[in-house]
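Trainee: I am new to this structure and would like a close look at a single part of it. Could you walk me through one strand and its surroundings?

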Amino acid sequence: MKLTRLVGECEDGECPTIYATDRGTLAIQGGKVTNHGLSLPPHETLVEIPIELARKAVRDNLI
């Protein structure tokens, strides 16, 4: 899978980031959410990113 960085809070790769994939989807890098009370399938997880990161991606017409 090829990832293209759309928007993130830092450049060193260790901060919440939104990527576009070459499959027409988004990949989200963020903190893993635990103790959420949901029953997720083994191949899925929840991540948390600042809402302003998503707003910036939309505002800048990146997604």
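Mentor: Happily; let us look at strand E2, its partners and the core beside them.

Please keep in mind that this is a predicted model. To get our bearings, the chain has 63 residues, and its secondary structure comes to one helix and five strands. Reading from the N terminus, you meet the elements in the order β-β-β-β-β-α. The C-alpha atoms fill a box of roughly 35 × 25 × 25 Å along the principal axes.

Now find E2, which covers residues 17-21. This strand is mostly covered, with four of its five residues buried. For the chain as a whole, 16% of the residues count as buried.

What does E2 pair with? On one hand there is E1, which joins E2 in the antiparallel sense over five bridges. On the other there is E3, residues 26-29, which also pairs with E2 in the antiparallel sense, here over four bridges.

Alanine 20 is a handy place to see both pairings. Threonine 4 stands opposite this alanine of E2, and alanine 20 in turn stands opposite leucine 26 in E3. If you go to threonine 17, you will find glutamine 29 of E3 opposite.

Next, follow the chain from E2 to E3. The two strands form a hairpin with four residues between them. Pause at glycine 24 in this hairpin, where phi is positive, near 80°.

Let us turn to the nonpolar residues. The largest nonpolar core has five members: Leu6, Val7, Ile18, Leu53 and Ala57. Strand E1 (3-8) and helix H1 (51-59) each supply at least two residues of this core. Ile18 is one of the core residues too, and its position falls within E2, residues 17-21.

Alanine 57 is a good residue on which to end the tour of the core. Leaving aside residues up to four places away in sequence, alanine 57 touches Val7, Ile18, Leu62 and Ile63. Two of these, Val7 and Ile18, belong to the core along with Ala57.

Finally, step back to the whole chain. Among contacts with a separation of 6 or more, 23% are between residues 24 or more positions apart. The accessible surface comes to about 4800 Å², and carbon and sulfur atoms account for 52% of that. There are 7 positive and 9 negative charges, and their mean positions lie 4 Å apart.

Definitions and conventions
Residues numbered from 1 in each chain as written. Predicted model: local features only at pLDDT ≥ 70, side-chain atom pairs only at ≥ 80, totals over all residues. Heavy atoms only, no water. Core = buried A, V, L, I, M, F, W, Y, C linked by side-chain atoms within 4.5 Å. Buried < 20%, exposed > 50% of the residue type's maximum accessible area, 1.4 Å probe, protein only. Contact = heavy atoms within 4.5 Å. Pairing = 2+ DSSP bridges. Areas by Shrake-Rupley, 256 points an atom, 1.4 Å probe, with all protein chains shown as cover. Lys, Arg positive; Asp, Glu negative; His and termini not counted. Charge placed at Lys NZ, Arg CZ, Asp CG, Glu CD.
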